[in-house]
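Reader: Hello! I am new to this structure and would love a close look at a single spot, with a friendly walk onward from there. Could you pick a place to start and explain the reasoning as you go?

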Protein chains: 2
Amino acid sequence: MLTEHELHSSLADPSLAVMSFLNEATLRFPDAISLAAGRPYEGFFALDRINDYLSHYLEHAREQGRDEAAITRELFQYGPTAGTIRELIARMLLKDEGLVAAPQDVVVTAGCQEALLIVLRALFADAEDVLLVPSPSYTGVTGAALLLDVSVEPVPEGPAGLEPAQVRATVERLRAAGRRPRALYLVPEASNPTGSSLSLPARRELLAVAKEYDILLLEDHAYAVFSPAGSPPALKALDTDRRVIHIGTFAKSGFPGLRIGYLVADQLIRRADGSTRPLSAALADVKSMVTVNTSPITQAVAGGMLLRHGLSLRAANTEAAAFYRANLRTAAAALAERFGSSGLPVSWNEPDRGFFMVVTVPFEVDDAALEASARDYGVLWTPMRYFQAAGAERQLRLSVSYLTPEQVRQGVHRLADFIEDRCAVPRYEEVDSLVA
Amino acid sequence: MLTEHELHSSLADPSLAVMSFLNEATLRFPDAISLAAGRPYEGFFALDRINDYLSHYLEHAREQGRDEAAITRELFQYGPTAGTIRELIARMLLKDEGLVAAPQDVVVTAGCQEALLIVLRALFADAEDVLLVPSPSYTGVTGAALLLDVSVEPVPEGPAGLEPAQVRATVERLRAAGRRPRALYLVPEASNPTGSSLSLPARRELLAVAKEYDILLLEDHAYAVFSPAGSPPALKALDTDRRVIHIGTFAKSGFPGLRIGYLVADQLIRRADGSTRPLSAALADVKSMVTVNTSPITQAVAGGMLLRHGLSLRAANTEAAAFYRANLRTAAAALAERFGSSGLPVSWNEPDRGFFMVVTVPFEVDDAALEASARDYGVLWTPMRYFQAAGAERQLRLSVSYLTPEQVRQGVHRLADFIEDRCAVPRYEEVDSLVA
């Protein structure tokens, strides 16, 4: 039998199980209303979309003059490591984000998660290197860091999200301790898990801090497609100094089953002999040893979706964006209805975009609380402590994306019942860990 | 600008580029005959297969009584980390390989490459741990080790492939030096890159060595589906001591564009508190931080392929197996025709199964030789030095899988022209590295 201590340290770390937990909790409690995982609403799915998008992509390829053998080869055979739909993604980024990316700077990945993993692998060389993450932070980036033995340093967020002054202070403190901050991961728009979005001045200031301290910004742009017109541009669209690696995904703007993400890296690497090579090419080499290449079949489905919608994911998601924003308002209204004049010390933020919001309660929010909520009240959510959030032991994340408006309302009321009962009972029995 | 020395060491290692090179060389020299990469023959591909297999899978799901919402959710939404077609794969393994695997021991991966990466990540904990690989070895396993800073020790192969006595000697030497051999990677059937297959006694002896020295065997079974009836069983089918982690892929037996692989791990992990958990569950947690989950769309296509062929990949590949075996005979015959009585010191092995064979020539086989062969003779192949093969500087790998019999014959004749000319010219100019 294998013993845990002889295996990689990540296996004994409970945070490694969080991703599976988030994706599988709804399977464990099928009758509970899930305000837990960041899953898109299933009313936007339809089985015939797969074949429709695929056919549309094939039609486009034929119109481009490609013959059947070449098209068949693309879908069935091994193919380019960096992807088959780089150009379509570059055109989408220009149209949707005003982000000028050369197709050769794009690497298509098996979801945003693989993009995070390969970027961390390339950038982090030794034990002195540190990855900065907001606190709280998306669990995928800290999980990837755990697998690669990359040191992570949390930067506490303020009420409006990540604060450039805090980033600066953290970098200076780490440097003084002989560490080497290499990159800062962040979700500047409709953050996971808090729902907050950075202002334009904050974005510009972060770019200035990155330049000053020679660090890279890893911009996770998963939820930006749902933001209203007039929102601040992506960091990458403001980046004049090649400071930003931009990471995106079709999981929220298309559907998760595609497992298609991408990164945009326009940085250069100077070799020992003085020659240069694109970072994107080096990242593709790393990717080749993780998944060889991304399925050209699901790339074709994603490409067909782009083509169907005039190369605009924002256009494809107009209805979805309105739906999610209405759900956020519904959740906030239900919380106000229950706690606005209850006298209980329960508060929440009110993001107007994205999938998430945060509720603060007057008791410990742990696995046992979640288990009790799911089992006895029929509602799932996520303890904020899953998100590298020191000081957030009394917070929970609500995801409103997966549900109908009526389910959101009902789910929040179930949560409110749970919270009220907890507030009434100062002590409660511990139950077995849900994640264990 | 980034400098190479501040990035992960793998980026400066030329072997990291081999996978992309193998997959993209045919793109660089579109008119050359490719005896290089291990790509399946495209005559077995047809565009309508994707929809046919997918439809068949959906039909099967409906027959099982699942409703449209559940099926749509499976294909579009986030899903179980370990995969949606574990049971179908377990049934195929029983039918094709006599390998008894519980569905919960199976983890579906984004190709065999991800399976290798997550297994290495889980098993290798510190700098004393060593992965044994045959020399020569498949480049995917050494590439994954490079990304994870896992130490690799080659075990020289004999004429019939990996020799248990050599494994034993290597393990003892490493232990004496204070190192800790943890696992041996191998392709026991129709090996990549040599084409050799291990005898039944050699397999049993390797299992005994693994037990004696407490190491795991990582069995890569990618090519076994093409072997004739009566071939020795998979190591995993002979494994009575949970010594083997079995790794398979649909890339050769189905098609590479699926990017579907799988692993079978029935080992247990003993935790610090004395409780146990399945290794497969821990590997799924690792996978969740690499790619979250494998696309349920391509899993459904692979599942549909299995269902179409009575859950037998061997049945699905009867024609392909005969085709590849004939191509191996064609290549050997063409080499015999050119070199059998030429007096030149050129030799080759004659595997009767799989995709590959090895040719030994009387000159250095390097990138420059390959570049010249591709450019001036119109034929691609792979220098054996790409495969961790010390002492194989004068060998090259031929892959016969990608070509028609006539192309194989013509490719080998072009290669023979190149070899003859090289033998006639003792010195030649170096040209720029092809991989550079």
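Author: Gladly! Let us start at A:A390, which is exposed because its relative accessible area is 69%, and the cut-off for that word is over 50%. Please keep in mind that this is a predicted model. A:A390 sits in a loop of chain A, between β15 (382-383) and β16 (395-399). The chain also brings A:A390 and A:P154 together in an interesting way: they are 236 residues apart along the chain, while their C-alpha atoms are separated by 8.7 Å.

For a contrast, turn to A:G304 in helix α11 (residues 296-308) of chain A. With a relative accessible area of 0%, A:G304 is buried, since that word applies under 20%. Leaving aside residues up to four places away in sequence, A:G304 touches A:Y53, A:H56 and A:Y57. Another partner in space is A:N51: from C-alpha to C-alpha it is 9.5 Å from A:G304, although their positions lie 253 residues apart in sequence.

Next comes A:E114, a residue of helix α5 (residues 111-123) in chain A. A:E114 counts as buried because its relative accessibility is 0%. Which residues does A:E114 touch, not counting those up to four places away in sequence? Within chain A they are A:T109, A:K287, A:V290, A:T291 and A:T294, and from chain B come B:V290 and B:T291.

One of those partners, A:K287, leads us to a pair of helices. Helix α5 of chain A packs against helix α10 (residues 279-288) of chain A, with axes 9 Å apart and an angle of about 110 degrees. The two helices are therefore roughly perpendicular to each other, as angles from 65 to 115 degrees are given that name. Their contact joins A:E114, A:I118, A:V119, A:R121 and A:A122 of α5(A) to A:L283, A:V286 and A:K287 of α10(A). As for handedness, α5(A) and α10(A) cross in a right-handed way.

Since A:E114 has taken us to chain B, how do the two chains relate? Chain B can be laid on chain A by a turn of 180 degrees and a shift of 0.0 Å along the axis, giving an RMSD of 0.0 Å. The copies are thus related as by a two-fold rotation axis. Both copies use the same surface, for 99% of the contact residues of chain B recur in chain A.

Over in chain B, helix α5 (residues 111-123) and helix α6 (residues 139-147) have axes that come within 9 Å and cross at roughly 45 degrees. That angle makes α5(B) oblique to α6(B). The crossing of α5(B) and α6(B) is right-handed. On the α5(B) side the meeting residues are B:Q113, B:L116, B:L117 and B:L120, and on the α6(B) side they are B:G140, B:V141, B:A144, B:A145 and B:L147. How much of α6(B) is covered? Most of it is, with 8 of its 9 residues buried; among them are B:T139, B:T142 and B:G143.

The backbone around α6(B) deserves a look as well. In general, most peptide bonds are trans, and most residues other than glycine have a negative phi. The bond from B:S135 to B:P136 is cis, with omega near 5 degrees, and B:P136 lies in the loop between β4 (129-135) and α6 of chain B. After α6(B) comes B:D149, with a positive phi near 55 degrees.

Chain A offers a cis bond too, from A:N192 to A:P193, with omega near 15 degrees. A:P193 belongs to the loop between β6 (180-186) and α8 (200-212) of chain A. A:D214 is not a glycine, yet its phi is positive, about 55 degrees. You will find A:D214 in the loop between α8 and β7 (216-220) of chain A, and A:D214 counts as partly exposed because its relative accessibility is 47%. In chain B, B:D214 also has a positive phi, near 55 degrees.

Let us finish with the aromatic rings. There are 36 aromatic pairs over all chains. In one of them, the rings of B:F323 and B:Y324 have centres 5.7 Å apart and planes at 75 degrees, so the pair is edge-to-face. B:F323 is buried at a relative accessible area of 16%, and B:Y324 is buried at 1%. In chain A, A:F323 and A:Y324 belong to one aromatic cluster that also includes A:Y41, A:F44, A:Y223, A:F226, A:F355 and A:F356.

Notes. Residues are numbered from 1 along each chain as its sequence is written. Chains are lettered from A and ligands numbered from 1 in the order in which they are written. This is a predicted model: local features need pLDDT of at least 70, side-chain atom pairs count only at pLDDT 80 or more; totals for chains, interfaces and linings use all residues. Side-chain values use heavy atoms; hydrogens and water are left out. Rings of Phe, Tyr and Trp (its six-membered ring) pair if their centres lie within 6.5 Å; planes under 30 degrees apart count as stacked, over 60 as edge-to-face and the rest as tilted. Buried means under 20% relative accessible area, exposed over 50%, partly exposed in between (1.4 Å probe, protein chains only). Copies are superposed by least squares on the C-alpha atoms of residues with pLDDT of at least 70 in both. Contact means heavy atoms within 4.5 Å. Helices (H or I, at least four residues) and strands (E, at least two) are DSSP runs, numbered from the N terminus. Axes are lines fitted to C-alpha atoms, for helices over the stretch in contact, and angles run from 0 to 180 degrees between N-to-C directions. Angles under 35 degrees count as roughly parallel, over 145 as roughly antiparallel, 65 to 115 as roughly perpendicular and the rest as oblique. A crossing is left-handed if the near helix is turned anticlockwise from the far one by less than a right angle, and right-handed if clockwise.
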